[in-house]
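User: I am new to this structure and would like to go through it in questions and answers. Please show it to me before we start.

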Amino acid sequence: AKSLGRNNYQIYEISAEQAQQQNMALKSGLRHAEHNGELRVFYQPQVDAASEDIVGMEALVRWEHPELGFIGPGFFIPLAEETGLIVSIGEWVLRTACKQAQEWERKFGLRLRLGVNLSAVQLMQPNLLDIVSSALQDSGLDPGLLEMEVTESISIKAAPNLVENLHGLHKLGCRIAIDDFGTGAASLDYLRKLPADRIKIDQSFVRNIGVDPDDEAIVRATIEMAHRLKRGVVAEGVEIEQHLHFLRANRCDELQGYLFCRPLPPPAFEKLLHERQRL
Ligand code: C2E
Ligand code: CA
Ligand code: CA
Ligand code: CA
């Protein structure tokens, strides 16, 4: 069974051949998705671990397929990377999210940080810095509020321009977060060589809080290490109170997960900000 993502259309027990045909069809659909206005950006809050105030949000793309409904990025981002479409989709997400963040800043007077995922393909683009500065300029968003999320699945050596691009983003005033920290083969190398402001502890570790003492030790040690290196640390996949208590007790800075909120479409996120503001 192949799932296209949560709450999404599911395709059961298909053959490899059918799966390949389906991928081909989706790839060709993806080619027009941006132009046809089928892409959406959802936003998931990040909260301060102590106060639970919303301090930021992560932009997460979705594809609203005319026949299949919502398709999750876990499914179509790899297709977009294979086809190279990720470059224009990624730029669209960045521009859309920067405009949205700037609008919310103006409306609510909150200086929420905006996390945007960058794929390996984008990080190797020679003109990445031009695209990011143009998105910042067009939206008017303060560069200090933009945090680029970079996964450590990419080998630094095998990625031309990556180190230069990340230093360049820093010079623009953007922040860098290492996403899915601890899952790649080169976590510590990334920390040493890249100008990272923050670490995002992968949800596979957070999920095992209260389950696996080894993973708990890794979470504790990661927070401790981040702080000794003067980096911030955010935990993702915080789903239950037990996760919250453990992460708070161990001084994790920020938290993200279903316990607080799922990724929301802009109107629902705005409603949440309204409600919070009234408190
Ligand atoms: P990610 O960057 O690690 O994003 C976090 C994922 O965890 C999101 O899945 C989010 O909805 C999900 N999540 C949040 N809280 C919880 C929780 O408490 N429990 C569980 N089980 N999951 C939680 P989503 O939106 O399906 O995105 C999947 C991946 O797709 C992202 O993982 C990211 O790697 C990629 N992605 C999403 N948007 C973009 C984008 O605009 N560009 C690129 N290049 N990749 C993107
Ligand atoms: Ca991310
Ligand atoms: Ca992640
Ligand atoms: Ca991930």
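User: How far apart are the calcium ion (ligand 2) and the calcium ion (ligand 3), and which residue coordinates both?

Analyst: This is a predicted model, in which local features need pLDDT of at least 70 and side-chain atom pairs count only at pLDDT 80 or more, while totals for chains, interfaces and linings use all residues. Residues are numbered from 1 along each chain as its sequence is written, chains are lettered from A and ligands numbered from 1 in the order in which they are written, and side-chain values use heavy atoms, with hydrogens and water left out. The two ions are 4.0 Å apart, and the residue that coordinates both is Asp-179.

User: Which residues coordinate the calcium ion (ligand 2), and at what distances?

Analyst: Donors are N, O and S atoms within 2.8 Å of the metal (3.2 Å for Na, K and Ca); water is not among the atoms, so sites may look incomplete. Along the chain, the donors of ligand 2 follow the spacing E-x58-N-x31-E-x29-D. They are Glu-58 (OE), Asn-117 (OD1), Glu-149 (OE) and Asp-179 (OD), at 2.2 to 2.3 Å.

User: Glu-58 and Asp-179 belong to which strands, and how many residues apart are they?

Analyst: Helices (H or I, at least four residues) and strands (E, at least two) are DSSP runs, numbered from the N terminus. Glu-58 is in strand 4 (residues 54-65) and Asp-179 in strand 8 (residues 175-181), so this pair links distant parts of the chain, 121 residues apart.

User: Are Glu-58 and Asp-179 buried or exposed?

Analyst: Buried means under 20% relative accessible area, exposed over 50%, and partly exposed in between (1.4 Å probe, protein chains only). For Asp-179 the relative accessible area is 5%. Both Glu-58 and Asp-179 are buried.

User: What are the protein donors of the calcium ion (ligand 3)?

Analyst: The spacing of these donors along the chain is D-D-x55-E. They lie 2.0 to 2.8 Å from the ion and are Asp-179 (OD), Asp-180 (OD), and Glu-236 (OE) listed twice.

User: Where in the chain is Glu-236, and how many residues separate Asp-179 from it?

Analyst: Glu-236 is buried, with a relative accessible area of 7%. Its place is strand 10 (residues 232-236), whereas Asp-179 is in strand 8. This pair too links distant parts of the chain, the two residues being 57 residues apart.

User: Which residue coordinates the calcium ion (ligand 4)?

Analyst: This ion is separated from the calcium ion (ligand 2) by 5.9 Å. Its donors are two OD entries at 2.7 to 3.1 Å, and both belong to Asp-180. In the chain, strand 8 is the place of Asp-180.

User: How much of the accessible area of ligand 1 does the protein cover?

Analyst: A polar contact is a pair of N or O atoms within 3.5 Å; within protein, one must be able to donate a hydrogen and the other to accept it, and residues adjacent in sequence count only if both atoms are side-chain atoms. A nitrogen atom of ligand 1 is 3.0 Å from a side-chain N or O atom of Gln-44, and an oxygen atom of ligand 1 lies 3.1 Å from a polar side-chain atom of Asn-117. Another such distance, 3.3 Å, is that from an oxygen atom of ligand 1 to an N or O atom in the side chain of Asp-180. Of the 800 Å² of accessible area that ligand 1 has on its own (Shrake-Rupley method, 1.4 Å probe; for residues, only the protein chains shown count as cover), the protein covers 85%.

User: Why are the buried residues of helix 6 on the same side?

Analyst: In helix 6 (residues 162-172), the buried residues are Leu-162, Asn-165, Leu-166, Gly-168 and Leu-169. They are on the same side because the arc that they cover around the axis, taken from the directions from the helix axis to the C-beta atoms, is only 160°.

User: Which exposed residues does the other face of helix 6 carry?

Analyst: The buried residues pack against several elements, including strand 6 (113-118) and helix 5 (128-139). Just after helix 6, Gly-173 takes a positive phi of about 105°. The face turned away from the buried side carries Glu-164 and Lys-171.

User: With which side chain does Lys-200 make a polar contact?

Analyst: Lys-200 lies in strand 9 (residues 198-201) and counts as buried, at 0% relative accessibility. Contact means heavy atoms within 4.5 Å, and the residues that Lys-200 touches include Glu-58, Glu-149, Asp-179 and Glu-236. Its polar contact, at 3.0 Å, is with the side chain of Gln-256.

Conventions
Lists of a residue's contacts leave out its neighbours within four places in sequence.
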